[in-house]
Amino acid sequence: MNARQILLYCVVCLVVTFAVLAVLFRYAAVSPQMLAHAQTAQPMATFPAIDLGSTYGTVSMTDLVGYYLQHPPKAAPAGSAISAPTHIGGC
């Protein structure tokens, strides 16, 4: 291959890539109304109940936040080494 063929190949690849991106961008973009809604804080009462499986059932967002505030995660003691996660079963 000579330099002209290599340059032509690179240009064609870039044009095809940008054409595919231009077509797919329409499906990935959100409307300005949806973007404004996503950037606005929503009250907890408007969120649907969350299904936590058969053990806990469905729980409202208010109950989850209340439980988190009453039982915050414990910070690791200073100077302690972070242990590796324990894998149960599998590989």
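Buried means under 20% relative accessible area, exposed means over 50%, and partly exposed lies in between (1.4 Å probe, protein chains only). The views show a predicted model, in which local features need pLDDT of at least 70, side-chain atom pairs count only at pLDDT 80 or more, and totals for chains, interfaces and linings use all residues. Residues are numbered from 1 along each chain as its sequence is written, and side-chain values use heavy atoms, with hydrogens and water left out.

**View 1. The protein chain.** Let's start with the whole fold: the protein chain has three helices and two strands, which follow the pattern α-α-β-β-α along the sequence. Helices (H or I, at least four residues) and strands (E, at least two) are DSSP runs, numbered from the N terminus. Of the 91 residues in the protein chain, 1% are buried. The accessible surface comes to about 8700 Å², with 69% of it belonging to carbon and sulfur atoms; such areas come from the Shrake-Rupley method with a 1.4 Å probe, and for residues only the protein chains shown count as cover.

**View 2. Gln-42 and its neighbours.** Look for Gln-42 in the loop between helix H2 (32-38) and strand E1 (50-51). Gln-42 is partly exposed, at 33% relative accessible area. Leaving aside residues up to four places away in sequence, Gln-42 touches His-37 and Phe-47 (contact means heavy atoms within 4.5 Å). A polar atom of the Gln-42 side chain lies 3.3 Å from the backbone oxygen of His-37. The backbone oxygen of Thr-40 is 3.0 Å from a polar atom of the Gln-42 side chain.

**View 3. A nonpolar patch with Tyr-27.** Leu-8, Val-12, Val-16, Val-20, Val-23, Leu-24 and Tyr-27 make up this surface patch, which together offers about 680 Å² of accessible area. Patches take residues with over 30% relative accessible area and no salt bridge, joining like charges within 9 Å and nonpolar side chains (Val, Leu, Ile, Met, Phe, Trp, Tyr) within 5 Å. A salt bridge is a side-chain nitrogen of Lys or Arg within 4 Å of a carboxyl oxygen of Asp or Glu. Tyr-27 sits in helix H1 (residues 3-28) and is exposed, at 62% relative accessibility.

**View 4. Cys-10 and Cys-13 without a disulfide.** The structure holds zero disulfides, a disulfide being a pair of cysteine sulfur atoms within 2.5 Å. For Cys-10, the nearest cysteine sulfur is that of Cys-13, 6.6 Å away. Both residues are partly exposed: Cys-10 has a relative accessible area of 40%, and Cys-13 is at 32%.

Technical notes. A polar contact is a pair of N or O atoms within 3.5 Å; within protein, one must be able to donate a hydrogen and the other to accept it, and residues adjacent in sequence count only if both atoms are side-chain atoms.
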